[in-house]
Amino acid sequence: MPEKTRPEEEMLKGTLDMMILHTLVLGDAHGHTIATIIERSSGDVLQVEQGSLYPALYRLEDRGWLSSYWNPTENNRRAKFYRLTAAGRKQLLRETQRWQRITRAIGMVMGEALQGGES
Amino acid sequence: MNWLRFFRRRRRDAELREEMSAHLANEIEDNIARGYSPEEARRAALRKFGNPQQVRERLWRESTISWLDSLWRNGKHSVRALRRSPGFAVVSIVVIALGIGVNAALFAVVRGVLLKPLPFADPQRLVRLYEDTFNHRFAYNSSAAGIFAEWEKQRHGFSGMAISRHSAYNLSGTGGQLPENLEASLFSASMLPVLGVEPALGRNFSSAEDSPSANGTVILSWNLWKRRFGGERSIVGQTILLDGRGYTVIGVMPSWFAYPSSTVQLWTAASHERTTKEMQALDNHNFQAVGRLKPGVSLTEAVNELSLITLRIHNAHADNPFISSEAHGRPLLESLVGNVRTPLLILLCATGCVLLIACLNIANLLVARSLGRRRELAIRTALGGSRAELLGHHLAESLLLSLAGGALGFFLAYEMVQWFVTLRHDVPRADAIHMDGVVLAFSAGLVLLTALSAGLVSAFSSRDDQVLSALQESSRSYSGGQARAKLRRVLLTVEVGLTVVLLIGAGLLLKSYARLRSSDLGCITRDVLTMQVSLPAARYDFPAAVHFYQELLTRVRNYPGVQAAGLVTTLPGDDYGGDSGFTIQGRPPLAEGNGQLALTRWVDPEYFAALGIPFQSGHAFDHDQFLVPGSEVIISAAFQRQYFPREDPVGKTILTMGERPYRIAGVVGDTLYSIGEQARPMMYFPIYTLNSKNPKDFVSGSALVVRSGQDVTRLALPVQKIFQSLDRDLAVSDILTMDQVIGAQTLDASFNATLLLIFALVSLVLAAVGLFGVVSYLAAQRTTEIGVRIALGAQRNQVLTLILRDGLRPALIGLVVGLIISAGVTRLISSMLYQTGPLDPEIFGVVALTLLAVAVAACVVPAWRAAQLNPVTALRTE
C-alpha cells in the first residue's frame, strides 16, 4: 500500500541515506543524534521524519554499509549506535559524487533559465 | 529478498521498539533542557516523532516476503481446517499416497530398465546383430560363428565386433565347499573392448588365449569372487577347476557388470571352449553378436553391409538351406529389454490412470468440502478476501494433502520397488532399478500436479460471484447446489470410464493367464520333481556317462515313494532347447533354400512313461542300443501332422544329425516347448547312444524327472543324496517341481495380470466411494424437497428410484464411455494376450455387470436413507 508523501520527504528519500552516511563520518552515533545533526546542520530546514529514519537505518545496515552495537549514551541510557563500514565509506563517496554532478547540472539548467528570464 | 531478514522479523521488531523508546527519551531530555515542563516535553517529543506503531509496521512489511508469508498463513489455516475433519484428511492422504506410490515405483522400474543408458562406454553406438532365420519367420535369430567371422573380416561400418555364447560349468568344491553349477558366458577376446569395459582386477583375454590351443582362462564376476573366493586379490593368477579342468583366473569384472545377464557368473574365451568346427560353422546359430558402430555410420547402413556379406555366403552355399541370407540389427539396449517394454509401459499407463482417478477423487472430496463451507467462503469474500487469496487457500489445502500423501507414497514406492526387484529378478537390468534423486524429483512433480489439478478444480467450482446467493441459500435451504453438483457428476463419469478401461485390461490379462495355466503341456505335471545335472567332460567319457545314468535311474526308481523316473535334455515348457534340420529318405529333394527343422530331445527309454506322454503308434526305444551311434528316432504328433500328413511314419527313415539315417520307431503325443506357443515338430533320440561316430559326442547334461503319488518335494533330499553317493563332486541345480517350472514360465503373465487387477480394484473402490459421496450429498441437499414430496403423497419407492436414477446416470455414462474407449485401446495389449481376443465379449460383459452392481450398491444406501425420511422432521430441520 503506497503512502502519501509530501514533496520535502520525497526530496529526502533520495538523499537521506547519503546524509546519514555523511553524518557518521564524524563518528559513531545513535538514531537521535543522527536526526539532530542533520536538522542542525541544515539550519533546521530539513526535518527528519522518524518514520523514514529508522527504516533507512535498517536498510543501510542490511546492505552492509553500517554496523551497529548497543552502548550506554552520555546520559547512561542504552542506545543502538551505528558505525560506518568500509563499504559504507565507498558508497558515501559514490553518492557524494553523484549528488555533486546532479546539483551542478540542475544548477546549470536553472542558471540558464534565470538568465533567459531576466534578459 | 532477504531470507534472514524475513525469519528474524520478530527480533528486529523488538530491537526497533527499544531503539525508538531510547530516541523518545533523548528527545524529551532535550526538550526539558530547552525549558519545557516534563509534560510538555513529552507531548512535543511524541508529536515530533509521529506514530511509532507505523514505523514498526513499515519495517515489518519491508522485511516480509509476502508470498511466503501468505503461504505460511494459508498452510496454518489449512492444517487447522484439516484437523477439524481428520476422516477426510486421512482418506485423501491414503488415496494420494497410493496414487503417487504406484507411479513413483513403476517410474523407478521403467527408468532403471528402459531409460537409463547401458553402463558401457558410448552405449548408443552399441548394437546387437542378428541373422534372419532361413524361412524369414524370425528376424532376430542368433548368429553362426562362421558367418560372424566373415562379418568381422569384411566389416567397414563398425569399429569393433564381438560374440558371446551361453554356457554353464561345474565349479569343483575346494576346502569343504560344495560343487556348484554356474551359468557362464563365452566371450570373444574382443567383447570387453567393444563394450568399453575393463575388468576391475586383472585383465581381459588376450587374442592368443582366445584359441583352441591355449590354456584355459576365466574371468570371474564380482559376486562369485566375493562369495566363493572371499574377495581375495591374490585369486588372479590362481587356477580353479571348471568341469574338472584347470582354468587360470585372469580377471574379476566390476560389480555392476552384467552382460549378457545378471545371472552369468563367469566368462571364458569362446574359441578356446568350442570346437574349431563350431567356430567355423555357417549354419550353427548359437552365438550373440554385438558391434560398435563407427561414428557417423547409421545402423541401417552398417547392417545393409552385413546383409550383403551374408547373402554372398548364402549364395556360395546354395545346397545348405540353413545358412541365412540376411542380417538385422537393433540397439543393444532394445535387444536386452525389448520383451519387457510393452508390459512395463502398459503398467505405467495403468498407474497413470490410478493417479488420475485418485486426483479426481480428491478434487471431488475438495469440491464437496468447499460446498459444505460455502458460507465460510462467502463471508470471507464479503469481508474483502480477494479471489487470489481464496484460490491460494484452496491450493494450500490440496498442496498440504498432496505433500503428506506424496511423502507416504514415496515410502510406499520404496517398499514396492524392493518387492519388485526381489520378485522379478528375471526382468533384464533389474539391478539398475533404484530409488534415486530423479525418482524423487518425479514424485515431487506428481505431488505438485496432484495439488494443482485437485486444488484448481475445487477452486473453480466455487465461484465468488455467488456470494449473495450463498449467504441467502444457507439461511434457507433449497436445492440450489444442483448446478454445482454437475461438476462432481462430470468428474465421476470420467472416474468410472477410466475404471472400466482398467478393469477390462485386467480382465483380459487374467483370462489370458488362466488360459496359459490351464493349457495342456502334453504331459503329467502333478507331483513331478525335476533337477538338472551336467557331467563334467574331464571325468566322464561315454561309457562312464551311460553307467552313471543307468545307475542313477535304477537307484531313484527303487527309492520308496518313486513311481517313475526318466531323463530328458530339455523339459516340456522349458523352452526351445535346440533344433536340427532333416530330410526324409525317399522324398524328392526340397526346392533350393527350403529346409525342414524339428526340435531335438534326448531321452531315456522310460521317459515317455514317466511323464505320461502317450504313444500314438510304434514303440519306445529298445534298451539294448548302447555304445553305438543311435539308429532310431521317435517323433511327435506335430512332426507327423506336418511331414507325414497322410501316411504312417513308423518304419520310415529320416536323415539328420549329420546326414545319418534314423528309423522312426514311434509317434508320441505333443508336448509344448513353451507355454503359450503352438506345439512344434519334435524328434527324440535315445540318450544312451553316441550322437555321431565321435566317441566324445554324447549327451553330458540332462534333467531328471521323478514322479510320485504323494507330495513329491519330500523326495528332493533323498534324490540329491543318491547323486552325491554316485559322484561327490557333482552339482545338481534347478531342483523344481514341474508346476514351478511352469510357474516360472508364466510368472510374467501372472505378475502383469495381478498388478493390473490390483490397480483396477483400487480404482473401482475409489469410484464407488466417489459415487457414494455424490449421491449422499445430492440426497442431503434435497432433504426438504423430498420431505415435501413425501408429505404430498409420493411413495417411498418413487423417492428411492428418483435418487437412484440421479446417482446412476454418471455411472452409466461412464460405463458406456469406458467400454467404447476399451474397445479402442485393448488392441495395444494384444501382444500380451493368449487365446483371448482384445474384444473378448465375456470380459466386457462381466466388467459391465460388476461395475453396475458396484454402482447400484454405492447408490442404494444413500437413496434408501432418503426414502426413509420422516417428512415432519425433514421439514422442521430448517
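In the predicted model, D527(B) is found in the loop of chain B between α18 (482-518) and β12 (528-534). The phi angle of D527(B) is near 55 degrees, a positive value in a residue other than glycine. Most residues other than glycine have a negative phi. A positive phi also occurs at Q835(B), where the angle is near 50 degrees and the residue is again not glycine. Q835(B) belongs to the loop that runs between α26 (796-825) and α27 (841-867) of chain B. The relative accessibility of Q835(B) is 51%. Because residues count as exposed at over 50% relative accessible area, Q835(B) is assigned to the exposed class.

A further backbone feature of chain B is the peptide bond between Y259(B) and P260(B), which is cis, with omega at about 0 degrees. Most peptide bonds are trans. P260(B) is placed in the loop of chain B between β8 (245-252) and β9 (266-269).

With regard to charge on the surface, R10(B), K76(B), R80(B), R83(B) and R84(B) form a positive patch. Helix α5 of chain B, which spans residues 66-84, supplies four residues of this patch, the largest share. Among the residues of the patch is R83(B), which is found in helix α5 of chain B. R83(B) has a relative accessibility of 64% and therefore counts as exposed.

At the level of domains, chain B is divided into four parts: domain 1 covers residues 3-64, domain 2 covers 133-325, domain 3 is made up of 342-517 + 747-876, and domain 4 covers 540-728. Domain 3 is thus assigned as two segments of the sequence, 342-517 and 747-876, with domain 4 (540-728) lying between them in the numbering. The C-alpha centres of domain 3 and domain 4 of chain B are 57 Å apart.

Chain A has 119 residues, of which 37% count as buried. The secondary structure of chain A consists of four helices and three strands. Along the sequence, these elements of chain A are arranged in the order α-β-α-α-β-β-α. The pattern of chain A therefore begins and ends with a helix, and the helices and strands are those of the DSSP runs.

Definitions and conventions:
Residues are numbered from 1 along each chain as its sequence is written. Chains are lettered from A and ligands numbered from 1 in the order in which they are written. This is a predicted model: local features need pLDDT of at least 70, side-chain atom pairs count only at pLDDT 80 or more; totals for chains, interfaces and linings use all residues. Side-chain values use heavy atoms; hydrogens and water are left out. Patches are made of residues with over 30% relative accessible area and no salt bridge: like charges are joined within 9 Å, nonpolar side chains (Val, Leu, Ile, Met, Phe, Trp, Tyr) within 5 Å. Accessible areas come from the Shrake-Rupley method with a 1.4 Å probe; for residues, only the protein chains shown count as cover. A salt bridge is a side-chain nitrogen of Lys or Arg within 4 Å of a carboxyl oxygen of Asp or Glu. Lys and Arg count as positive and Asp and Glu as negative; His and the chain ends are not counted. The place of a charge is taken as NZ of Lys, CZ of Arg, CG of Asp or CD of Glu. Helices (H or I, at least four residues) and strands (E, at least two) are DSSP runs, numbered from the N terminus. Buried means under 20% relative accessible area, exposed over 50%, partly exposed in between (1.4 Å probe, protein chains only). Domain bounds come from an automatic or database domain assignment.
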